[in-house]
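Reader: I would like to learn how to read the features of a structure step by step, beginning with helix packing and ending with individual residues. Could you take me through them in order?

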Amino acid sequence: MKPLKIGNLTVKVPIIQGGMGVAISLSRLASAVANEGGIGVISAVGIGMTEPDYIKNFRNANKRALRKEIKKARELSPHGVIGINLMVAVSDFDDLLKVAIEEKIDVVFISAGLPLKNPVNLPVEILEDSGVKIIPKVSSVRAANLIFNYWSNNYNRVPDGIVIEGPLSGGHQGFRKNDLINPKIKLSDLIEETVKVIKPFEEKYNKEIPVIAAGGIYTGEDIYKIMQSGAKAVKMGTRFVPTFECDADEEFKKSYISAKKEDITIIDSPVGLPARVIKNNFVNDILKGIEKPVKCPWKCLKTCNYKEVSFCIAQSLFNAAQGKMEEGFAFAGTNAYLTDKLQSVADIFDELISEYNQKKLQLRIV
Ligand SMILES: Cc1cc2nc3c(=O)[nH]c(=O)nc-3n(C[C@H](O)[C@H](O)[C@H](O)COP(=O)(O)O)c2cc1C
């Protein structure tokens with residue numbers, strides 16, 4: 001696999017571990033991925049829930065926990081590339097971005113909303129001066145085009161790359177429910193079209209802008225195929241959950257190992273988007289419309305109408321991350337059922353690279 005270039009940053013192996021909240025990808029998983037030459041990503045959403053004073057002091061707890069996890073990841077992987085995932089939808093976006101810049105994070109992946117002046121205030125010049133790379137994640141060519149035009153017109157700059165996520169991924173979806181099962185929507189087409197849309201910006205700004213593919217990528221062969229459509233790297237979440245290094249509780253990982261294909265389903269998340277999860281009793285209750293008591297210590301998501309939702313998404317995800325599967329659920333991609341054992345991140349990288357090379361060789365021989 002060719003290294004991934006993001007401006008002056010070189011990533012030895014073009015595999016990015018998707019940021020997974022709440023508290024699924026923290027410093028342990030991120031540093032393990034970074035040590036294998038990929039980009040390890042700490043998820044910032046609700047990260048302060050890991051702190052004892054979260055309920056009373058949520059804003060400070062979030063900032064403190066993010067700083068702690070970035071520092072820990074740096075200690076565990078002094079030479080690796082570390083990123084954070086920051087959702088536009090979180091109420092403390094500005095605070096958390098500031099911490100990431102102060103801690104000299106390598107890359108900020110921005111998801112769950114478009115990074116435009118409204119709703120977020122992006123200190124674009126500070127980001128550029130500090131060398132922090134910004135890579136938004138979207139699910140349509142239209143959204144990619146919108147962001148790049150907006151940045152170009154308003155900031156005379158463009159993001160350092162773009163992640164395009166297709167409809168097979170774990171967690172919140174950028175598609176309407178019907179489109180999630182629409183066979184006409186293919187990640188390979190989305191990548192090809194995005195590469196075309198981004199090209200004029202590469203020429204205007206005289207820099208390479210990698211298009212990164214996400215959603216349903218599981219094997220080295222998947223990586224090889226999507227790169228033929230023009231992706232320069234892949235972002236994978238589901239594959240990295242059942243690992244020894246994943247920061248979630250063993251019960252969370254077990255839910256992946258025991259999941260069957262038919263257990264992977266879609267729910268309506270209070271965020272206002274569909275979300276892909278593994279079915280369990282809690283999910284069955286939600287699907288039946290049974291309400292779960294919501295105590296909102298603070299409005300962590302701008303898009304959540306906490307007085308009307310039937311469950312708290314942040315609390316449910318954090319309960320699951322702690323292994324309390326009766327009080328929450330696991331986000332998971334369509335391929336989560338393929339897992340039958342825990343693996344080390346190093347073994348996954350070896351497997352992915354060898355499958356990729358095998359596919360490349362096969363096609364050369366043919
Ligand atoms: C358990 C889990 C939690 C996730 N949490 C988040 C999140 O908090 N923010 C986000 O932008 N994406 C989240 N994602 C999406 C991943 O970052 C990544 O884009 C996605 O997993 C890629 O698709 P795949 O799961 O098929 O590999 C999550 C995915 C999983 C599986």
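Author: What follows is a conversation about helix packing, the shell around the ligand, and some backbone and residue details. Please keep in mind throughout that this is a predicted model.

Reader: Let us begin with packed helices; how does one describe such a pair, and at what angle do the axes of helix H2 and helix H3 cross?

Author: Two packed helices are described by the angle between their axes and by the distance between those axes. In this model, the axes of H2 (residues 58-76) and H3 (residues 93-102) come within 10 Å and cross at roughly 25°. Angles under 35 degrees count as roughly parallel, and H2 and H3 are therefore roughly parallel to each other. Their crossing is right-handed. On the H2 side the contact is made by Arg-59, Asn-62, Lys-63, Leu-66, Arg-67 and Ile-70, and on the H3 side by Asp-95, Leu-96, Val-99 and Ala-100. Sorted by class, the contact of H2 with H3 has 5 nonpolar, 1 polar and 4 charged residues.

Reader: Is there a general reason for the spacing of residues along such a helix?

Author: An α-helix has 3.6 residues a turn, so residues three or four places apart point the same way.

Reader: How, then, should I read the pair formed by H8 and H12, and which residues make the contact?

Author: The axes of H8 (residues 220-228) and H12 (residues 345-365) come within 7 Å and cross at roughly 55°, and the two helices are therefore oblique to each other. The crossing of H8 and H12 is right-handed. Gly-220, Glu-221, Ile-223 and Tyr-224 of H8 make the contact with a set of H12 residues, namely Glu-351, Leu-352, Ile-353, Ser-354, Glu-355, Tyr-356, Lys-359 and Lys-360. By class, the residues of the contact of H8 with H12 divide into 5 nonpolar, 2 polar and 5 charged.

Reader: Turning to a single helix, how many residues of H1 are buried, and what covers them?

Author: Helix H1 (residues 27-35) is mostly covered, with 7 of its 9 residues buried. The buried residues of H1 are Ser-27, Leu-29, Ala-30, Ser-31, Ala-32, Val-33 and Ala-34. Their cover includes strand S3 (15-17), strand S4 (39-43), H2, S5 and H12. Just after H1, Gly-37 takes a positive phi of about 100°.

Reader: What surrounds the ligand, and which residues are the closest?

Author: The ligand is surrounded by 29 residues, of which the closest are Gly-18, Gly-21, Gly-170, Gly-237 and Gly-333. By class, the shell around the ligand has 12 nonpolar, 14 polar and 3 charged residues. Strand S5 (81-87) and strand S11 (233-236) each supply at least two residues of that shell.

Reader: Which backbone details deserve a second look?

Author: Most residues other than glycine have a negative phi, and most peptide bonds are trans. Here, Gly-21 and Val-22 are joined by a cis peptide bond, with omega about 0°, and Val-22 has its place in the loop between S3 and H1. Gly-21 is also one of the residues closest to the ligand.

Reader: Where in the model do Ala-112 and Asn-206 lie, and are they buried or exposed?

Author: Ala-112 is found in the loop between strand S6 (107-111) and helix H4 (124-130), and its phi is near 55°, a positive value in a residue other than glycine. With 22 C-beta neighbours inside 10 Å, Ala-112 counts as buried. Asn-206, in the loop between helix H7 (187-205) and strand S10 (211-214), has a positive phi of about 50° although it is not a glycine. Asn-206 has 6 C-beta neighbours inside 10 Å and counts as exposed.

Reader: Finally, how should I read the surroundings of a single residue, and what is Pro-136 in contact with?

Author: One can take the position, the burial and the contacts in turn. Pro-136 lies in strand S7 (residues 133-138) and is buried, with 24 other C-beta atoms within 10 Å. Leaving aside neighbours within four places in sequence, Pro-136 is in contact with Ile-110, Pro-115, Ile-147, Pro-159 and Ile-162. Ile-185, by contrast, is found in the loop between helix H6 (177-180) and H7, and with 16 C-beta neighbours inside 10 Å it counts as partly exposed. Ile-185 and Gly-166 are 19 residues apart in sequence and 7.8 Å apart in space, C-alpha to C-alpha.

Notes:
Residues numbered from 1 in each chain as written. Predicted model: local features only at pLDDT ≥ 70, side-chain atom pairs only at ≥ 80, totals over all residues. Axes fitted to C-alpha atoms, helices over the stretch in contact; angles between N-to-C directions. Helix = DSSP H or I, 4+ residues; strand = E, 2+ residues; numbered from the N terminus. Parallel < 35°, antiparallel > 145°, perpendicular 65-115°, else oblique. Left-handed = near helix turned anticlockwise from the far one by under 90°. Contact = placed C-beta atoms within 7 Å. Nonpolar A, V, L, I, M, F, W, Y, C, P; charged D, E, K, R; others polar. Near = placed C-beta within 6 Å. Buried ≥ 20, exposed ≤ 12 C-beta atoms within 10 Å, placed from the backbone.
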